[in-house]
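Biologist: I am new to this structure and would like a close look at a single part, the largest pocket. Could you take me through what lines that pocket and how the strands around there are arranged?

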Amino acid sequence: MQKIGLYIHIPFCEKRCNYCAFLTFDNQGAMIARYVTYLAKEMLLCRHSNYEVDTVYFGGGTPSYLSAEQMTYLMVQLKKVFSIAPKAEITIEMNPESVTAERLQAYLSSGINRFSMGVQSFDDRVLAVVGRLHHKKEVFEKVALMKEMECQDFNLDLMFSNPYQSRKIWQSDIALALALDPPHLSCYSLIYKPHTKFYQWREKGIIDGVEDEEDRAMYHYLQDTLQSSGYHQYEISSFAKPNHESRHNKKYWT
């Protein structure tokens, strides 16, 4: 039986971030129930496929924006249609403001076993210009909640070269992330994509982009610091402790 990975897109957010060029919609709560229904119908198109699924990745958008009941329903439908490997890696992307004990319990009960939280920065001024809805304090609270509920395999997303993010702030971001002891870190350099607010603001001179030399200095500091802290870099933006590489990520790179 051929092994495959599934990516399942949840194109809804409470608010679109100012750098975001992904396919997602905000203020469309009424569409979510319809989307979930049709996503389940699309799964049925594959019900006769001879595949074993050993990785699943719920990305977005913000999958944790869905209710606990909606994610449970999708997981039930997934297991009805596909042969899920006994030790499949099943990841869900989350934003701190939408992480709740109810949602985490639903994820764990339905078989989700890897959790990826979009932090981006621990500096509240940077978070504000980026357009995030959470604050530094909330990240620590939600990571503590994940650990309390034994969500042991988790990733934190960070972003560098943001407006107002000096090298000193970036170094602090890395230190604060390491203090939370995540098994995995994903760290991305900001890209100004057309049709985003950041792109428009840069074109109008409202914000300035970080110079290439400064961007590379931030990246090399990241590599050196994480390597010395016990993290293995296994792709351009991904760093993991031993045996915590994302199996789903590695499919795309191999």
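Modeller: Among the elements, β6 gives the largest share of the lining of the largest pocket, with 5 residues, and that is a good place to start, bearing in mind that the model is predicted. The space in this pocket comes to about 1,200 Å³, and 49 residues line it, with F22, G60, E93, D157 and Y188 lying nearest its centre. Sorted by class, the lining holds 20 nonpolar and 20 polar residues, together with 9 charged ones.

Several elements contribute to this lining: β1 (2-10), β4 (51-60), β5 (83-94), β6 (114-120), β7 (154-160), β8 (184-189) and α9 (247-253) each supply at least two residues. Three of these strands can be followed through their pairing. β4 and β5 run parallel and are joined by 6 bridges, and within that pair F58 stands opposite I92 of β5. To get from β4 to β5 the chain passes through helix α2, residues 68-81, in a β-α-β crossover that is right-handed. On from there, β5 is joined to β6 by 4 bridges, and these two strands also run parallel; here I92 stands opposite F115 in β6. Residue I92 therefore appears in both pairings, facing F58 of one strand and F115 of another.

It may help to set the second largest pocket beside this one, where about 190 Å³ of space lies. Its lining consists of L6, Y7, I8, H9, L39, E42, M43, C46 and F82, and the elements that give two or more residues to that lining are β1 and α1, which spans residues 29-44. The greatest contribution is that of β1, with 4 residues, and β1 is also one of the strands that supply at least two residues to the lining of the largest pocket. By class, the lining of the second largest pocket divides into 7 nonpolar residues, 1 polar and 1 charged.

One of the residues lining the second largest pocket is a cysteine, C46, and this residue counts as partly exposed, at 30% relative accessibility. C13, by contrast, is buried, with a relative accessible area of 9%. A search of the whole structure finds 0 disulfides, and for C13 the reason is one of distance, because the closest cysteine sulfur, that of C20, lies 6.2 Å from its own sulfur, which is too far for a bond.

Conventions
Residues are numbered from 1 along each chain as its sequence is written. This is a predicted model: local features need pLDDT of at least 70, side-chain atom pairs count only at pLDDT 80 or more; totals for chains, interfaces and linings use all residues. Side-chain values use heavy atoms; hydrogens and water are left out. On a 1 Å grid over the protein atoms alone, a cavity is a set of points where a 1.4 Å probe fits but cannot get out, and a pocket is an open set with protein on both sides within 12 Å along at least five of seven lines; lining residues have an atom within 4 Å of a point. Grid points are joined across faces, edges and corners, and a volume is the space filled by probe spheres set on the points. Ala, Val, Leu, Ile, Met, Phe, Trp, Tyr, Cys and Pro count as nonpolar, Asp, Glu, Lys and Arg as charged, and the others, Gly among them, as polar. Two strands pair if DSSP finds at least two bridges between them. A crossover is right-handed if, with the strands pointing away from the viewer, the path from the first strand over the helix to the second runs clockwise. A disulfide is a pair of cysteine sulfur atoms within 2.5 Å. Buried means under 20% relative accessible area, exposed over 50%, partly exposed in between (1.4 Å probe, protein chains only).
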